[in-house]
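Hi there,

Here is the structure I promised to pass on to you. Please have a look at it, and then read my notes underneath.

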Amino acid sequence: CVPPPVPQAGAGAPLEQRPRLILYLGRLEPRRGVFELVDAAAALRLEVPGLRLIFAGEGERAALAEHAQRRGLADAVKFTGWVGPSGKRALLESAAVLAAPSYEDGLPLAVLEAMAAGVPVVACASAGVLEAVSDGVTGLLTAPGDVATLERRLRRLLVEPAAAARIGAAARESARVRYSPERSIAALEAVYAEVGLTREGAHGSDRRLDRSVAPSA
């Protein structure tokens, strides 16, 4: 398993100086837990003044906006649509927390990107997420569909800046050590070496990738 390369991101403002902004990056689909995220944010609003929720991604935007309106959260929710690398970087530099409440993702790249940017993550404990996030150390975990726990985890990061800063710093260091491009490239080269493909082979040597493992045309 080769870890995806995630460059270390620049640090934005200190977490304690950021607005109380929850960021979601990904498809807007029920199985991604976005409706539960709105429910959790609606429950938090009375306790967390100035709460905002940004959805960056495409999908069932109209249905999600209608749900936010029913929950009295329409004025606190923003939809940006798909964002490119620079837009994503700007959002991560201003977010207080990244929410990734998907029911069945492997290891969302958004989680790793948030960790690399020092943004604390609240994510569902899927198999892929468990590889990257240590609960209470480099992020906070919840079960799929568990709105009450999602609310509690988000509240902790939004109202306890010291805890959020500690978790964000640990996440950033973990991403640097485990998911840096240098580590990913080294792991990929090791996989190539195991199947007989070397740097020299890629440039014309007699060594060739064994046909039993080469992809079919």
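Below is what turned up, starting with the whole chain and ending with its cavities.

Please keep in mind that this is a predicted model. The protein chain is built from nine helices and six strands. Of its 217 residues, 44% are buried. Among the contacts with a separation of 6 or more, 69% join residues 24 or more positions apart. As for the outside, the accessible surface is about 10900 Å², and carbon and sulfur atoms supply 54% of that area.

I also checked the inside for enclosed space. The search gave two cavities of 30 Å³ or more.

The largest cavity holds about 40 Å³ of space. Its lining consists of G33, E36, P101, Y103, C124, T142, A143, G145, D146, V147 and L150. Sorted by class, that lining has six nonpolar, three polar and two charged residues.

The second largest cavity holds about 30 Å³. Around it you will find A100, S102, D105, P108, C124, S126 and V129. Four of these lining residues are nonpolar, two are polar and one is charged.

One residue to look for when you open the model is C124: it belongs to the lining of the largest cavity and also to that of the second largest cavity.

Happy browsing, and best wishes!

Technical notes:
Residues numbered from 1 in each chain as written. Predicted model: local features only at pLDDT ≥ 70, side-chain atom pairs only at ≥ 80, totals over all residues. Heavy atoms only, no water. Helix = DSSP H or I, 4+ residues; strand = E, 2+ residues; numbered from the N terminus. Buried < 20%, exposed > 50% of the residue type's maximum accessible area, 1.4 Å probe, protein only. Contact = heavy atoms within 4.5 Å. Areas by Shrake-Rupley, 256 points an atom, 1.4 Å probe, with all protein chains shown as cover. 1 Å grid on protein atoms, 1.4 Å probe; cavity = no way out; pocket = protein on both sides within 12 Å on 5 of 7 lines; lining within 4 Å. Points joined across faces, edges and corners; volume = space filled by probe spheres on them. Nonpolar A, V, L, I, M, F, W, Y, C, P; charged D, E, K, R; others polar.
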